[in-house]
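Colleague: I'd like to learn how to read a model like this one. Could you walk me through it, feature by feature?

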Amino acid sequence: MTTMNVAVIGNGGREHALVWKLSQSRNIGKLYALPGNPGTMNLAENVEIDPLDFKKIIRFCESKSIGLVVVGPEAPLAEGIVDALTDAGVRDAVVHLLDRREQAVDRNHADGHALALVLVGGGVATTHLAGE
């Protein structure tokens, strides 16, 4: 089975929920939280990188062969992290704003990319990686 290294960007409760769910996947190789929090440190490797320091995030993703970037907070999205990752050629750095898990599954099957799910407002964190 092929596994994928994953980076979750953010340090709040939302990111803790995402890390918790992702940590249950058999398709995850190494899981990182940037910068993470005390709750994520038991599930992932916390790495002290500012969520708005795109250059450091890109270097980290390249050095750790990150296959999926999950962005939790709105600030990096508003500042253009998706464009920065895509322009740098970070593999599968694709973010789709979706409001239902079914849309995520349909989108995953349509384009073959792993998904980075971003919760906007309230909601329940659900993730889907190719092969699950």
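Modeller: Sure, let's go from confidence to fold, then to helix packing and side-chain pairs.

Colleague: Where do I begin, and what is the mean pLDDT of the protein?

Modeller: Begin with the fact that this is a predicted model. Its mean pLDDT is 76, and 67% of the residues reach 70 or more. Among the elements, strand β3 has the highest mean, 98, while strand β5 (residues 95-96) has the lowest, 45.

Colleague: Over which residues does pLDDT stay under 50?

Modeller: Over residues 92-132. The model still has 77 contacts beyond four places in sequence for that stretch.

Colleague: Next, the fold. How many helices and strands are there?

Modeller: Five helices and six strands. Along the sequence they come as β-α-β-β-α-β-α-α-β-α-β.

Colleague: And the numbers for the protein as a whole?

Modeller: There are 132 residues, and 47% of them count as buried. About 6,800 Å² is exposed, with carbon and sulfur atoms supplying 50% of that area. If you take contacts between residues at least 6 apart in sequence, 58% join residues at least 24 apart.

Colleague: How should I read a helix? Say, which residues of α1 are buried?

Modeller: The general idea first: an α-helix has 3.6 residues a turn, so residues three or four places apart point the same way. Here, the buried residues of α1 are E15, L18, V19 and L22. Looking down the axis of α1, they fall within an arc of 100 degrees, so they line one face of the helix.

Colleague: What do those buried residues pack against?

Modeller: Three strands: β1 (4-10), β2 and β4 (66-71).

Colleague: On to aromatic rings. What geometry do Y32 and F60 have?

Modeller: In general, a pair of aromatic rings is described by the distance of the centres and the angle of the planes. This structure holds one aromatic pair. Y32 and F60 sit edge-to-face, at 4.9 Å centre to centre with 85 degrees between the planes. Y32 belongs to strand β2 and F60 to helix α2, so the pair ties together parts that are 28 residues apart in sequence.

Colleague: Is Y32 buried or exposed?

Modeller: Buried, because its relative accessible area is 6% and the cut-off is under 20%. F60 counts as buried too, at 9%.

Colleague: Now charged pairs. How many salt bridges does the structure hold?

Modeller: Two. In one, the side chains of R14 and E74 meet at 3.1 Å, N to O. R14 lies in helix α1 (residues 13-22) and E74 in helix α3 (residues 74-78), so this bridge ties together parts that are 60 residues apart in sequence. R14 is partly exposed at 25% relative accessibility, and E74 is partly exposed at 39%.

Colleague: What about K30 and E45?

Modeller: K30 forms a salt bridge with E45, and their closest N and O atoms are 3.3 Å apart. K30 is in strand β2 (residues 28-35) and E45 in strand β3 (residues 45-46), 15 residues apart, so to speak of distant parts of the chain is fair. Relative accessible area is 35% for K30, which is partly exposed; E45 is partly exposed as well, at 34%.

Colleague: One last spot: where does S65 lie?

Modeller: In the loop between α2 (54-63) and β4. S65 is exposed, with a relative accessible area of 52%. Its C-alpha atom is separated by 8.3 Å from that of M4, a residue 61 places away along the chain.

Definitions and conventions
Residues are numbered from 1 along each chain as its sequence is written. This is a predicted model: local features need pLDDT of at least 70, side-chain atom pairs count only at pLDDT 80 or more; totals for chains, interfaces and linings use all residues. Side-chain values use heavy atoms; hydrogens and water are left out. A salt bridge is a side-chain nitrogen of Lys or Arg within 4 Å of a carboxyl oxygen of Asp or Glu. Helices (H or I, at least four residues) and strands (E, at least two) are DSSP runs, numbered from the N terminus. Buried means under 20% relative accessible area, exposed over 50%, partly exposed in between (1.4 Å probe, protein chains only). Contact means heavy atoms within 4.5 Å. Accessible areas come from the Shrake-Rupley method with a 1.4 Å probe; for residues, only the protein chains shown count as cover. The arc is that of the directions from the helix axis to the C-beta atoms. pLDDT is the predictor's confidence in each residue, from 0 to 100. Rings of Phe, Tyr and Trp (its six-membered ring) pair if their centres lie within 6.5 Å; planes under 30 degrees apart count as stacked, over 60 as edge-to-face and the rest as tilted.
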